[in-house]
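Below are some notes on the model you sent, as numbered points. They begin with one ion pair and move outward to the chain as a whole.

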Amino acid sequence: MSRLIVISNRVSRPNKAGNQGGLAVALSQALRESRGIWVGWSGEVTDNFTGHIGFNEDDGVKTATIDLEEQDVDEYYNGYANKTLWPLFHFRIDLAEYARDFEGGYNRVNERFADTASPLIEPEDVIWVHDYHMIPLGQMLRDRGHRNRMGFFLHIPWPPTRLLVSLPHHSKLVNTLFAYDVVGFHTEEWLESFRHYVEREMGGTVDGDFVTVGDRTIQAVACPIGINAQEFADAAGSDIAKDMHEKVRRSLQDRSMIVGVDRLDYSKGLEERFNGYARFLKDHPEHHRKVVLTQIAPPSRGEVESYQQIRATLDSLAGRINGEYSDVDWTPIRYVNQGYPRDRLAGIYRAAKIGLVTPLRDGMNLVAKEYVAAQDPDDPGVLILSRFAGAAMQLKDALLINPYSPEEMSDAISRALAMPLDERKRRWQAMMDSVEKQDISWWRQCFTGRLMAVRQENGTPAVEAEVTNG
């Protein structure tokens with residue numbers, strides 16, 4: 001078996017608490033099986049970049065990390081990655097900032113990652129690069145002479161061509177993806193947007209999964225990421241989850257709970273969610289004192305101004321709604337700025353009658369799948385899901401809504417609260433079947449199956465004409 005080299009912005013090291021996310025668990029398993037290495041940023045800042053690699057091994061997973069300079073973090077991470085690419089790829093061109101320093105820092109740090117990874121790579125290794133932080137890395141590794149099979153997976157949406165062309169040097173950036181052999185997206189929609197750009201802006205051709213620009217052909221595929229469904233379902237039945245479930249239910253005093261769990265980010269539609277819930281309270285006074293929205297929103301990217309603004313907006317909005325509707329023994333919104341370990345979170349999910357997952361745009365959104373997996377099969381809750389989340393392509397039995405419409409959200413909450421048990425069970429079972437079938441292992445095999453089938457000729461990316469889908 002070829003050794004796997006995973007390269008991503010951050011490295012997730014296994015820990016005894018078992019609080020790694022699903023992606024980290026899946027990649028760690030693949031790295032153990034192949035004796036591979038996970039390469040990335042340590043999260044630490046150094047005064048002067050030296051190229052020193054910190055090696056560690058935890059629970060059979062080897063990691064290799066580097067420290068970055070403060071300027072690197074400002075320009076590459078806070079700048080180009082999170083002020084330019086993230087908003088643009090989430091269709092928020094109004095928030096995207098374009099600065100030459102950002103682009104220069106992004107390329108410089110990718111060169112540093114290429115220099116770091118290069119001496120670790122052996123001829124038969126298979127390289128898997130992850131996400132928007134590392135788009136040009138494959139080309140930089142090719143420039144250093146590596147002929148290995150190499151894949152890239154984008155964990156966020158791919159924007160429409162009319163938006164992507166607003167990015168300075170957009171064609172140069174996209175062209176670097178053709179250094180990879182396989183490029184993966186979560187959904188057919190994101191894949192189709194990529195194909196459209198290649199045909200319209202680069203004069204490329206598409207033949208099924210094969211996309212060609214000039215003399216370079218890659219496979220571009222849709223592989224929706226999943227969760228470890230069985231593990232999450234088991235976590236929901238654990239003693240810790242049961243204790244959390246009981247704690248939440250006691251605090252609710254027989255009220256119905258609606259739960260939202262999101263990183264504090266403008267793409268998650270939290271302001272729109274609060275407004276939709278406020279519309280529900282206005283439309284349905286008969287539900288006053290009978291329902292509570294619990295929004296869990298751990299802060300993120302606090303150095304970026306737009307994230308500071310969304311936190312201030314939500315603080316104000318939650319206060320206004322609570323001030324208008326609450327009573328001495330009822331607060332309609334519980335707004336919590338902290339995260340919870342997976343087993344405790346599973347208990348919270350199971351205690352909720354409704355899972356409210358309403359991003360304005362999301363590559364996938366695994367909270368939707370986690371909510372489904374955590375439900376009691378004999379009395380499942382109802383998932384209300386944004387049409388603009390990648391997960392909506394799979395979880396068609398959720399109540400799908402336009403998150404920009406407060407009326408739609410209000411109607412969906414009312415319908416979910418009144419939904420009979422047999423309908424709840426039927427919808428939940430259909431979604432659970434999908435979550436179990438296309439789980440995190442299926443996703444990994446879907447992508448790596450393609451990548452392992454690649455052949456190499458003279459250092460130029462090439463693909464077999466016949467491959468199977470993992």
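**Notes on salt bridges and overall fold**

1. In this predicted model, Arg112 and Glu69 form a salt bridge, with 3.9 Å between the closest N and O atoms. The two residues lie in distant parts of the chain, 43 residues apart: Arg112 belongs to helix α3 (residues 100–117) and Glu69 to strand β4 (residues 61–69). Are these partners buried or exposed? Arg112 is buried because its relative accessible area is 17%, under the 20% cut-off. Glu69 also has 17% relative accessibility and counts as buried.

2. Helix α3 also holds Asp115, which pairs with Arg144 in the loop between α4 (137–143) and β6 (149–153). The N to O distance of this salt bridge is 2.8 Å. The partners are 29 residues apart, and the pair links distant parts of the chain. Asp115 is partly exposed at a relative accessible area of 45%, and Arg144 is partly exposed at 29%.

3. A further pair is Arg426 with Asp397, where the closest N and O atoms are 4.0 Å apart. Arg426 sits in helix α15 (residues 421–437), and Asp397 in the loop between β15 (382–386) and β16 (399–401). The separation is 29 residues, and this pair too links distant parts of the chain. Arg426 counts as partly exposed, with 49% relative accessibility; Asp397 counts as partly exposed at 25%.

4. The Arg112 and Glu69 pair does not stand alone: shared partners join Glu69, Asp72, Glu75, Arg108 and Arg112 into one network of salt bridges. Over the whole structure, the search finds 30 salt bridges. As background, side chains of opposite charge can pair when their charged atoms come close.

5. How are the charges placed overall? The protein chain has 54 positive and 68 negative charges, and the mean positions of the two sets are 3 Å apart.

6. The protein chain has 16 helices and 18 strands. Its C-alpha atoms fill a box of roughly 70 × 45 × 40 Å along the principal axes. The radius of gyration is 23 Å, which agrees with the value near 23 Å for a compact globule of 470 residues.

7. Of the 470 residues, 57% count as buried. Among contacts with a separation of 6 or more, 76% are between residues 24 or more positions apart. The accessible surface comes to about 19,200 Å², and carbon and sulfur atoms account for 45% of that surface.

Note on methods: Residues numbered from 1 in each chain as written. Predicted model: local features only at pLDDT ≥ 70, side-chain atom pairs only at ≥ 80, totals over all residues. Heavy atoms only, no water. Helix = DSSP H or I, 4+ residues; strand = E, 2+ residues; numbered from the N terminus. Rg over C-alpha atoms; globule rule 2.2 N^0.38 Å. Buried < 20%, exposed > 50% of the residue type's maximum accessible area, 1.4 Å probe, protein only. Contact = heavy atoms within 4.5 Å. Areas by Shrake-Rupley, 256 points an atom, 1.4 Å probe, with all protein chains shown as cover. Lys, Arg positive; Asp, Glu negative; His and termini not counted. Charge placed at Lys NZ, Arg CZ, Asp CG, Glu CD. Salt bridge = Lys/Arg side-chain N within 4 Å of Asp/Glu carboxyl O.
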